[in-house]
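User: Please take a close look at one part of this structure and describe its surroundings in a connected account.

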Amino acid sequence: MSDLGFEKAAKALAHARRVAVFSGAGISAESGIPTFRSAGGLWENFQLEDVATPEGFHRNPALVWEFYEARRKAVHHASPNPGHFAIARMAGLFEEMTTITQNVDGLHQRAGSPAVLELHGSLWSARCAQDCGAVVDPFPFPAASCPPRCKCGALLRPGVVWFGEMLPERIWHDAMNASAQSDVVLVVGTSGAVWPAAGIPIAARREGAFVIEVNPEESELTSNLDLSLRGLSGEILPRLLDAATELRALRPATEKRG
Ligand code: BV8
Ligand code: ZN
């Protein structure tokens, strides 16, 4: 990662009043949680169509719950990493700070981030797969049975957004709004492969946000943003936050009023 790029990113953050973070599975990789598409990712061992679609659930609910209980078990025994904690610390540095995530693991919240916008739902909630409307939140690990049952006797389904399903309207709207009004958007640990979530940083940049990516590899968003910091989020984010905080402290009082 070039020092020049790092300094440019720290400067952009030091001058920012409103910041949004847009995160994907990569930010949880250093917590030991497998990603989807990078080496060793979940899609190497499971077919997306079998475990992350309504049709797959209809065909074999037990297999889907095996997939989700395994992920809930991994996260239950994992902890947030320095990347999650750095993002939680940002909440105190900027006038407005929004954490938007594609992740369902809840690690941003466990690191202390307030008001996380979960575009794809959460492993820690479940709802009736029929139409009795029951929602079980929190839905602690381990589930009482696999596959778990609703009080109406039907199956429960994980409280996540599967492929082919709409994203939660309110959360989508709030995420688009917050990122479009941001001075800086930090895109952390995402391949940018999944839509419409991947459109969020692109729309924000069109509205004038300075978009910085933190990822050890190139992503599908790299050509659509301002700056890429190549490295692990657990290493880069704490240093980036320290550098921005230092630069901000050096700014003349008049400028700080922003
Ligand atoms: C929908 C469920 C409307 C919970 C997930 C255009 C517009 C709209 C839709 C589409 C479209 N094109 C295609 C579609 C359809 C589809 C889609 O996007 N398909 C893809 C595969 C092409 N989208 C949908 O179906 C969406 N719904 O469109 O509704 C609609 C409705 C009805 C009819 C028509 C339209 C729903 C998408 C939501 C799917 N659910 N999750 C769960 O089980 O988790 S998506 C899943 O992918 C996760 O949420 C995950 O977070 C997300 C994105 O993946 P990433 O987070 O980016 O993870 P990935 O492994 O890919 O990448 C990890 C990255 O981290 C890598 O770049 C790696 O280098 C990096 N990394 C690794 N280590 C580190 C690191 N970075 C930093 N530090 C490290 N240490
Ligand atoms: Zn029910």
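Which residues does serine 219 touch, not counting residues up to four places away in sequence? Please then describe the shell around ligand 1.

Analyst: In this predicted model, serine 219 touches Thr190, Ser191, Glu213 and Arg230, with residues up to four places away in sequence left out of the count. With glutamate 213, the contact includes a polar one between the two side chains, at 2.4 Å. Serine 219 belongs to the loop that joins strand 8 (210-214) to strand 9 (227-229). Its relative accessible area is 11%, under the 20% limit, and serine 219 is therefore classed as buried.

Thr190 and Ser191, both touched by serine 219, are also among the closest residues to ligand 1, together with Arg37, Arg71 and Gly164. In total, 36 residues surround this ligand. By character, the shell consists of 18 nonpolar, 13 polar and 5 charged residues.

Residues of the shell come from both domain 1 (1-32 + 80-120 + 167-258) and domain 2 (34-77 + 121-160), so ligand 1 lies between the two domains.

Backbone atoms also approach the ligand. A backbone N or O atom of valine 161 is 2.8 Å from a nitrogen atom of ligand 1, and one of glutamine 102 is 2.9 Å from an oxygen atom of the ligand. For serine 233, a polar backbone atom lies 3.0 Å from a nitrogen atom of ligand 1. On its own, ligand 1 has 1500 Å² of accessible area, of which the protein covers 77%.

Key: Residues numbered from 1 in each chain as written. Chains lettered and ligands numbered in written order. Predicted model: local features only at pLDDT ≥ 70, side-chain atom pairs only at ≥ 80, totals over all residues. Heavy atoms only, no water. Near = heavy atom within 4 Å. Polar contact = N/O pair within 3.5 Å; in protein donor to acceptor, adjacent residues only side chain to side chain. Areas by Shrake-Rupley, 256 points an atom, 1.4 Å probe, with all protein chains shown as cover. Nonpolar A, V, L, I, M, F, W, Y, C, P; charged D, E, K, R; others polar. Domains from an automatic or database assignment. Helix = DSSP H or I, 4+ residues; strand = E, 2+ residues; numbered from the N terminus. Buried < 20%, exposed > 50% of the residue type's maximum accessible area, 1.4 Å probe, protein only. Contact = heavy atoms within 4.5 Å.
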